[in-house]
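Here are my notes on the model, set out as numbered points. Please read them with the structure open beside you.

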Amino acid sequence: MNDARTRILSRLRAAPPSAVPDLPEWDPPVYEQAARLARFRTMFEAMKAEVHDVDAATWPQRLRTLLDNRGVRALLHGDGSPVATQLAAAWSGDENAPELVAYDRVVEDFKEELVHRIDAGITWASAGIAETGSVVLWPTAREPRLMSLLPPIHIALVDESTIHDTLADLMAAQGWALRMPTNVVVVSGPSKTADIEQTLAFGVHGPKELIVLVIRKAASAG
Amino acid sequence: MSTAASVPAERPSTVYFFGTCLVDLFYPEAGLAGMELLKREGLRVVFPQGQTCCGQPARNCGFFEEARTVVRAQFAAFPEPWPIIVPSGSCAGMMRVHYPQLFAGEPDQAQAEAFASRVYELSWFLVHVLDLKLEDKGEPVTVTWHASCHSMREMGITDEPKRLLRSLSNVTLVENPRERECCGFGGTFSVRQPEVSAAMVADKIASVEATGASEMVTGDCGCMMNISGAMEKAGTPMRSRHLAEFLLERGDVR
Amino acid sequence: MSAELKTAAHVTNHGNGHVTVTNFAGRAHVALNDKPLRANFRRAMDGLMAKRAAQFPDAGDLAKLRARGAAIKERALARLPELLEQLEARCTENGIKVHWAETTGEANRIVLDIFQGHGVRTVVKGKSMVSEEMHLNAFLGEHGIEAVESDLGEYIIQLAGEMPSHIVMPCIHKNKMQIGQLFAEHIEGQRYTEDVDELTAAARRVMRARFAEADAGISGVNFAVAETGTLVLVENEGNGRMSTTLPPLHVAVMGIEKLVETMADIPPLLALLPRSATGQPITTYVNMITSPRKPGEKDGPQEIHLVLLDNGRTRVYADLELRETLRCIRCGACMNHCPVYARVGGHTYDAVYPGPIGKILTPQIAGLDVAEDLPHASSLCNACVEVCPVKIPIADILVRLRRESVRPSASQAVKGGGSGWTLSEASAWTGWKWLNAHPLLYRMGTGVLSALGHLIPPSMPPLKAWTSVRTKPKFAAQTLHQLARDKGFDDE
């Protein structure tokens with residue numbers, strides 16, 4: 001049917017066979033409860049991301065302050081997501097609050113606004129990774145992919161209980177291999193480059209800033 | 001790629017010495033010093049007069065058949081099961097790491113493997129097998145160590161030579177921050193890519209000089225010929241010597 | 001057949017089967033005398049080596065991780081044909097269209113057909129070494145499609161009309177003065193500056209508009225997972241995510257060796273790749289793409305195509321020793337640690353893949369008749385072997401290629417085998433063999449050299465090259481053989 005395909009595969013099959021070795025053990029790191037969050041924070045901060053402890057009820061107020069300090073006027077959120085509901089409730093009646101913009105259309109009808117007007121985007125992170133200081137974005141129809149990429153500021157909300165030690169640990173625990181979605185992104189900081197003389201510069205294409213809000217258990221939120 | 005040697009179950013009473021062709025022609029005093037050091041530790045040192053070259057130059061240029069013919073002459077020259085001590089990490093690497101590869105599928109593959117397993121780099125043997133202890137008889141001196149690429153990366157020699165130097169009370173060892181960088185010798189590389197090799201050795205000299213040492217000690221005469229030859233041409237007044245010679249001159253057996 | 005791993009600018013096919021060959025020594029001469037270039041590389045390589053070392057503080061952990069990484073790639077290669085079929089099946093189920101190309105010409109044609117079918121005029125590109133192999137930008141340009149590099153480094157060299165000089169950091173040969181100049185000349189309204197933040201902001205401004213208007217995106221693939229049909233892309237800038245998310249059409253190009261078996265293979269490889277490459281614990285983004293936009297989803301490309309490229313890889317695969325070349329995950333650690341690369345820079349190799357991996361890959365893909373000098377442009381110091389995250393025995397493969405160039409294997413494993421053979425060199429080794437295989441002859445010969453070696457003129461090749469920066473080696477008055485006998489050392 002496809003000549004190139006047939007020829008490539010037949011050449012590979014004609015080659016001498018080689019052994020299929022067993023996979024030797026490796027040791028991804030394991031962290032104690034307290035060290036896990038500390039590592040998560042340290043690694044993110046080393047990459048110029050901000051990490052803030054928040055609690056499940058009052059994070060919108062905290063976010064308000066963070067965004068005000070940055071002069072954010074338009075915040076993009078998922079369409080009808082729990083995050084959106086909570087934000088709307090918390091900020092309603094507040095005339096000075098940033099405008100809440102829902103990602104409620106396909107990108108083709110939204111491109112201009114997305115690329116040029118939105119100051120910040122807030123997404124839910126499905127998990128965190130302590131070893132590398134990362135959040136995992138599992139975009140959905142409600143919270144599409146570009147929310148975390150086009151606005152100059154990206155805010156990721158992550159529940160402390162979903163922070164795993166390593167990507168290996170997380171993938172196994174959540175059984176990724178059986179349920180890979182359209183797209184998953186592991187994000188470990190703001191967009192950066194070192195292409196000019198190995199000098200770090202942020203926000204070359206994606207967000208200049210990444211703010212991670214960790215929802216702590218009520219007792220430990222500080 | 002490194003296949004670090006293992007300490008023999010018993011301390012051997014007799015060892016072979018493989019001088020290497022470079023030492024034979026240009027630095028025989030280094031070879032002799034190595035043999036004297038071993039002898040002073042009470043070993044019978046046998047130097048087969050039939051030995052020539054380890055075969056590395058031809059192997060590295062892709063002339064495997066020619067290399068094998070020469071290697072077989074070494075098999076014949078070192079018939080007894082004694083350890084073979086080599087005062088060069090590069091030649092030792094050829095013999096220990098590459099002989100088994102070079103003879104894979106050849107009728108004498110087993111012989112090559114057995115031969116390879118008997119090969120030891122001199123400083124490693126002095127430290128791990130003979131546990132050499134030295135009393136420094138020399139004047140205070142500051143030296144720097146040049147590590148050869150093959151001693152580090154094929155023979156797994158890391159700290160052994162420096163441990164011996166540090167054990168000498170009047171010797172101050174200043175380490176070269178660029179110790180792990182190749183000096184640019186590389187056998188035929190130095191004449192096939194002379195300008196690149198020249199740039200590498202120029203940088204090596206600069207880093208050796210920057211240590212402030214008055215002498216450079218090394219375990220490989222190929223590197224030494226390159227570095228000291230370039231130093232001499234550049235008018236750099238630094239002495240270089242093989243580790244064996246340096247140790248023999250300074251150290252008395254404790 | 002092809003010299004497709006060589007840079008487009010310098011390959012001259014004379015139409016009679018003769019192709020202009022690499023000229024490492026000549027190009028090295030130019031590079032070695034370019035002071036800014038040498039300073040740029042030295043600074044960059046020193047920094048990269050230090051950063052990598054800091055990422056792997058524990059030798060034992062690193063050894064285990066490398067063993068795992070090597071085994072993952074070894075397994076994938078051992079099962080390559082079935083895994084390619086599995087990848088194709090999974091991708092197809094997921095809605096990704098899979099294409100196969102034996103040559104770069106075929107791959108270019110496939111990409112062009114896709115684009116022409118969609119009326120594509122402008123394309124944004126994420127960084128892809130395979131697309132460099134294809135010289136895809138030039139090809140698309142010839143057919144009226146503008147491909148804009150969006151990775152900052154690639155964008156810079158595209159402005160300069162150059163090739164990447166490093167596989168991870170393409171414009172590493174340039175300093176900020178040179179880049180400032182380039183931006184001032186090419187970007188409207190941009191003044192000359194050496195401020196890296198300002199230069200980066202200028203690129204962001206230009207690229208934003210490009211991303212928004214692009215009809216399609218092109219990317220490479222770091223790892224393709226056969227188990228799930230997932231394409232894994234790593235990057236720091238976000239341009240890769242832009243190129244694969246914003247335009248309605250995404251075409252990914254990959255070499256057929258970029259496969260792994262399972263998702264579980266990804267974490268250890270990710271623990272190796274960025275740390276080995278740039279000394280960072282992980283890249284900012286690890287982007288895993290498994291399907292085009294699904295019904296109800298609001299963004300992402302509506303169509304994804306995956307082009308699987310052979311370009312000589314099946315020939316490399318046919319030889320078990322050379323096959324190890326295909327384990328490469330393109331981290332660039334070998335070049336970062338190469339004392340030759342650090343001094344001559346990437347362009348000296350005159351090839352898409354410079355440095356140690358290029359020295360073994362280019363002659364295998366383009367042929368030894370094209371790149372015979374590359375396997376010799378190494379002191380065999382093994383620095384690359386020491387750091388390779390998947391343990392490719394680069395030095396052994398260099399020697400194997402040197403062998404193929406003088407005495408090709410029966411299987412003609414490498415195109416152009418035998419092209420490095422010369423009578424003078426072969427005769428020299430025959431003479432060497434005779435001298436060293438006959439102890440008596442050897443002792444006579446070395447004895448003569450000891451006595452008369454000082455008479456050899458330093459102008460005689462290869463001494464001439466040697467003595468350009470070194471004194472002539474001095475033959476000792478007596479050989480070690482003579483001294484050992486005189487001092488009473490036993491002979492047996």
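Which residue is the bridge partner of A:H77 in β3(A)?

1. The coordinates come from a predicted model, and every point below should be read with that in mind. In this model the bridge partner of A:H77 is A:A102, which belongs to β3(A).

2. That bridge is part of the pairing between β2(A) and strand β3 of chain A (residues 99-103), which run in the parallel sense and are joined over five bridges. Between the two strands the chain passes through helix α4 of chain A (residues 82-91), and the resulting β-α-β crossover is right-handed.

3. β2(A) also pairs in the parallel sense with strand β4 of chain A (residues 120-124), in this case over two bridges. Here A:L76 stands opposite A:G121 of β4(A).

4. Strand β2 of chain A, spanning residues 74-78, is mostly covered, with four of its five residues buried. For chain A as a whole, buried residues account for 47% of the 222 residues.

5. Turning to chain A overall, its secondary structure consists of six helices and twelve strands, and its C-alpha atoms fill a box of roughly 70 × 45 × 40 Å along the principal axes. Of the contacts in chain A between residues at least 6 apart in sequence, 76% join residues at least 24 apart.

6. As for the assembly, two pairs of chains are in contact, and chains A and C share the most contacts. Chain A and chain B, by contrast, do not touch, and their nearest C-alpha atoms are 16 Å apart.

Key: Residues numbered from 1 in each chain as written. Chains lettered and ligands numbered in written order. Predicted model: local features only at pLDDT ≥ 70, side-chain atom pairs only at ≥ 80, totals over all residues. Buried ≥ 20, exposed ≤ 12 C-beta atoms within 10 Å, placed from the backbone. Contact = placed C-beta atoms within 7 Å. Pairing = 2+ DSSP bridges. Right-handed = clockwise from strand over helix to strand, strands pointing away.
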